[in-house]
Amino acid sequence: MNYYSTRDENKTAPVSAAQAIKQGLADDGGLFVPETLPTLTRDFLRALCADDYAARAAKIMKLFLDDYTYEELLSDCQAAYAPTSFRGGAAPLVAVGDKDLYSLELWHGPTAAFKDMALQIMPRLLSRALKKTGEDRTALILVATSGDTGKAALEGYRDIDQTKMIVFYPVDGVSRVQKLQMATQEGENVRVVAIRGNFDDAQTGVKRIFGDSVVADRLNKGGYLLSSANSINWGRLLPQIVYYVSAWCDLTNEGKLHEGEVFNVCVPTGNFGNIFAAYLARRMGLPIGRLICASNQNHVLTDFLRTGTYDRNRAFHLTMSPSMDILISSNLERLLYFTAGSAVTADCMKQLNQNGCYTVPAEVKAEIDRAFVGYYADEQQTAAAITKAWAENGYLSDTHTAVALSCAEQYRTETGDMTPMVVASTASPYKFANNVYRAIAKAEPTDDLAALYELSALTATDIPYPLSGLAERTVRFSDVIDASDMTSAVYDTLGL
């Protein structure tokens, strides 16, 4: 299977799966997409029900990665999703109350965030891609993070041969726990740098570096090539398709879904990668009904899905769900490609770059409406969802999952649609213990780190192993720079 840029109207520059994963971003600035979408047949899906998570992942990814063998993928998936890394299971489904509402807990990995689901397998895919393409340079992986991607990428890539990584994050745009997780990261091949600005500044800076031919030439002469661990990389997005298929398998195995029945999916959304993976699964034949895109107070996606106009020219809010504090949702470009084609996609991206906004044609809006609906939860609604989930169902939710729980309830109330609903739970509540504690205790924690222990005492739940003892770890990275100095930070890290 070949891969093309979302902006390559005439499909003039095909690359292999391994090349797409190695390269990350297409030469024209677009995102790689497969030339076709495989079909998830009824027999294929039924067979997956008998498999464990690793085998499900290997079989689904093999549909897209035909230059990898099934044996390679199975070996990598078994290593990535081993019980020692995912304590409690890779993607367990937990009932929330008795109204066919389920939390798909994706955060039982080594950094307590859903990003582990992709970033435990992605380094293995990249390592093989380097070999398959005969690459002898070192892959320099640049990451812009709004909190969770950075730590998950650092943990996934630390001390991986033939790789170096630099993570950029907004200095005031992540939680105290997230910041400490990154600042104390181990590994000889990694560096973490804070920037003065927000996530969009960091993401724009990384994209600018990727698009700079002078930087590419200097890195090449130094023995490096650029790659990405953000969800702009197909190797990061592909594994996310798996857990929606796996959720269907589990619901089917438990008798919660029967032949011909659909389920809805609600995803807390920032960069649009996670929910786009669910959309691809739906396009491939997974019986998903509606995709509820859940946003926080930065509801640029909600407005787009309701109006057809994407406009990032608006106030930016720092919220209690910081991983969603994003105004430029990169993976929306892939949705445009699948619903509007390359020419419209390229034009929209040009308008976004020049004017900060674009409006899709009416027929494209109608196509998107067939799958998606957008809702958002403000800060008060998010806190109320945390309180309600705990008080009524004994379910402890983080701030991002709470956004999705609120939006799922809004959707059901507004539409009356009580189809079984899977909510993507994207982080441990302990990653945002301060705000979770505030919502439940109606009181202030002693401080952001003490909040972990105070939340544990209040709810009689355990602090996840990745976050236990965080305050005692040695801080290795404390640099803070202007976003305009990101290129210089790259050269400094590599000694170029």
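# A tour by selection: two loops, a helix pair and three strands

Begin by selecting Lys442, which is found in the loop between helix 19 (433-441) and helix 20 (450-459) of this predicted model. Colour the backbone by phi, and Lys442 shows a positive value of about 55° although it is not a glycine. Is Lys442 buried or exposed? With a relative accessible area of 60%, Lys442 is exposed, the cut-off for that word being over 50%.

Next, move to Ala112, in the loop between strand 4 (101-105) and helix 5 (116-119). Here too a residue other than glycine has a positive phi, in this case near 65°. A surface display will not help much at this stop, because Ala112 is buried, with a relative accessible area of 0%.

Now select helix 10, residues 213-221, and look at its start, where a side-chain oxygen of Asp212 reaches to within 2.9 Å of the backbone nitrogen of Val214. Going past the other end of the helix, you come to Gly223, which follows helix 10 and has a positive phi, near 90°.

Keep helix 10 on screen and add helix 21, residues 486-494, which packs against helix 10 at an angle of about 0°, with the two axes 12 Å apart. Because angles under 35 degrees count as roughly parallel, helix 10 is described as roughly parallel to helix 21. To see the contact itself, show the side chains of Val214, Val215, Arg218 and Leu219 in helix 10, which meet Thr487, Val490, Tyr491 and Leu494 in helix 21. Sorted by class, this contact of helix 10 with helix 21 has six nonpolar residues, one polar residue and one charged residue.

For the last part of the tour, hide the helices and select strand 10, residues 288-295. Seven of the eight residues of strand 10 are buried, so the strand is largely enclosed by the rest of the structure. Which strand residue stands opposite Ile288? Add strand 9, residues 263-268, which pairs with strand 10 in the parallel sense over five bridges, and you will find Phe263 opposite Ile288.

Then add strand 13, residues 372-376, which is joined to strand 10 by five bridges and runs parallel to it. Within this pairing, select Ile292 and look across to Val373, its bridge partner in strand 13. Strand 13 is itself mostly covered, four of its five residues being buried. While the strands are displayed, turn on their side chains, bearing in mind that in a regular strand the side chains alternate between the two faces of the sheet.

Conventions: Residues are numbered from 1 along each chain as its sequence is written. This is a predicted model: local features need pLDDT of at least 70, side-chain atom pairs count only at pLDDT 80 or more; totals for chains, interfaces and linings use all residues. Side-chain values use heavy atoms; hydrogens and water are left out. A polar contact is a pair of N or O atoms within 3.5 Å; within protein, one must be able to donate a hydrogen and the other to accept it, and residues adjacent in sequence count only if both atoms are side-chain atoms. Axes are lines fitted to C-alpha atoms, for helices over the stretch in contact, and angles run from 0 to 180 degrees between N-to-C directions. Angles under 35 degrees count as roughly parallel, over 145 as roughly antiparallel, 65 to 115 as roughly perpendicular and the rest as oblique. Contact means heavy atoms within 4.5 Å. Ala, Val, Leu, Ile, Met, Phe, Trp, Tyr, Cys and Pro count as nonpolar, Asp, Glu, Lys and Arg as charged, and the others, Gly among them, as polar. Buried means under 20% relative accessible area, exposed over 50%, partly exposed in between (1.4 Å probe, protein chains only). Two strands pair if DSSP finds at least two bridges between them.
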